[in-house]
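Reader: I am new to this structure and would like a close look at one part of it. Please take the enclosed spaces and the residues around them, and go through them in order.

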Amino acid sequence: MAIIITDECINCGACEPECPNTAIYEGADDWRWKDGTKLSGKIVLPDGTEIDSDDAQTPISDDIYYIVPGKCTECKGFHEEPQCAAVCPVDCCVPDDDHVESEELLLERQAFLHNE
């Protein structure tokens, strides 16, 4: 499953540089599929949606740091545990029950994001 940042977030920013997929953004910041990945130009997402990876996407939160579920791999393929949760001083990076995913799917996403 993906990780979510709860509203207990103190906006310290410790999690953001730890994400190998650049799936974590500061509240109100636009995000892009290309950020921290090897995606570029027009792409087809695993769900079949065609997009331009350079296009700015709407922030998921305006107030606190947030994680883009479609870019989160729980650090599979990079680390033994989600690094955001490991460094969070208030334990607000927790499993997202709305995005339960298998390890196989997370590894497939990692391969998609990084063209492996």
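**The cavities and their surroundings**

Author: The lining of the second largest cavity consists of 12 nonpolar and two polar residues, with no charged ones. This is a predicted model, and the volumes that follow are computed from it. The second largest cavity holds about 70 Å³ of space. Its lining has 14 residues, and those closest to the centre are Cys9, Cys12, Cys15, Cys88 and Cys92.

With those cysteines around the centre, how many disulfides are there by the distance rule? The count is zero. Cysteine 92 is in no disulfide, and the nearest cysteine sulfur, that of cysteine 88, is 3.5 Å away. A disulfide would need the two sulfur atoms within 2.5 Å. Cysteine 92 is also buried, with a relative accessible area of 3%. For cysteine 93, the closest cysteine sulfur is in cysteine 84, at 4.1 Å, and that is too far for a bond. Cysteine 93 is buried as well, its relative accessible area being 8%.

Cysteine 84 leads on to the other cavity. The search of the whole structure finds two cavities of 30 Å³ or more, and the largest has about 80 Å³ of space. Of the 14 residues lining the largest cavity, Cys19, Cys72, Glu74, Cys75 and Cys84 lie nearest its centre. By class, this lining has 10 nonpolar residues, three polar and one charged.

Some of these cysteines also belong to the largest nonpolar core. This core has 16 residues, and the ones that touch the most other members are Ile5, Cys15, Ile24, Ile67, Cys84 and Cys93. A second core lies apart from it, with 10 residues, including Tyr25, Trp33, Leu39 and Ile43. Isoleucine 24, in the largest core, has contacts beyond its neighbours within four places in sequence: Ile5, Cys15, Glu16, Cys19, Tyr65, Tyr66, Ile67 and Cys84. Cys15 is among the residues closest to the centre of the second largest cavity, while Cys19 and Cys84 are among those nearest the centre of the largest one.

The open space comes last. The largest pocket has about 180 Å³ of space. Its lining is made up of Trp33, Leu45, Pro46, Asp47, Gly70, Glu101, Leu105, Glu108, Arg109, Phe112 and Leu113. Six of the residues in this lining are nonpolar, one is polar and four are charged. Trp33 of this lining is also one of the residues in the 10-residue core.

Technical notes:
Residues are numbered from 1 along each chain as its sequence is written. This is a predicted model: local features need pLDDT of at least 70, side-chain atom pairs count only at pLDDT 80 or more; totals for chains, interfaces and linings use all residues. Side-chain values use heavy atoms; hydrogens and water are left out. On a 1 Å grid over the protein atoms alone, a cavity is a set of points where a 1.4 Å probe fits but cannot get out, and a pocket is an open set with protein on both sides within 12 Å along at least five of seven lines; lining residues have an atom within 4 Å of a point. Grid points are joined across faces, edges and corners, and a volume is the space filled by probe spheres set on the points. Ala, Val, Leu, Ile, Met, Phe, Trp, Tyr, Cys and Pro count as nonpolar, Asp, Glu, Lys and Arg as charged, and the others, Gly among them, as polar. A nonpolar core is a set of buried Ala, Val, Leu, Ile, Met, Phe, Trp, Tyr and Cys residues joined through side-chain atoms within 4.5 Å. Buried means under 20% relative accessible area, exposed over 50%, partly exposed in between (1.4 Å probe, protein chains only). Contact means heavy atoms within 4.5 Å.
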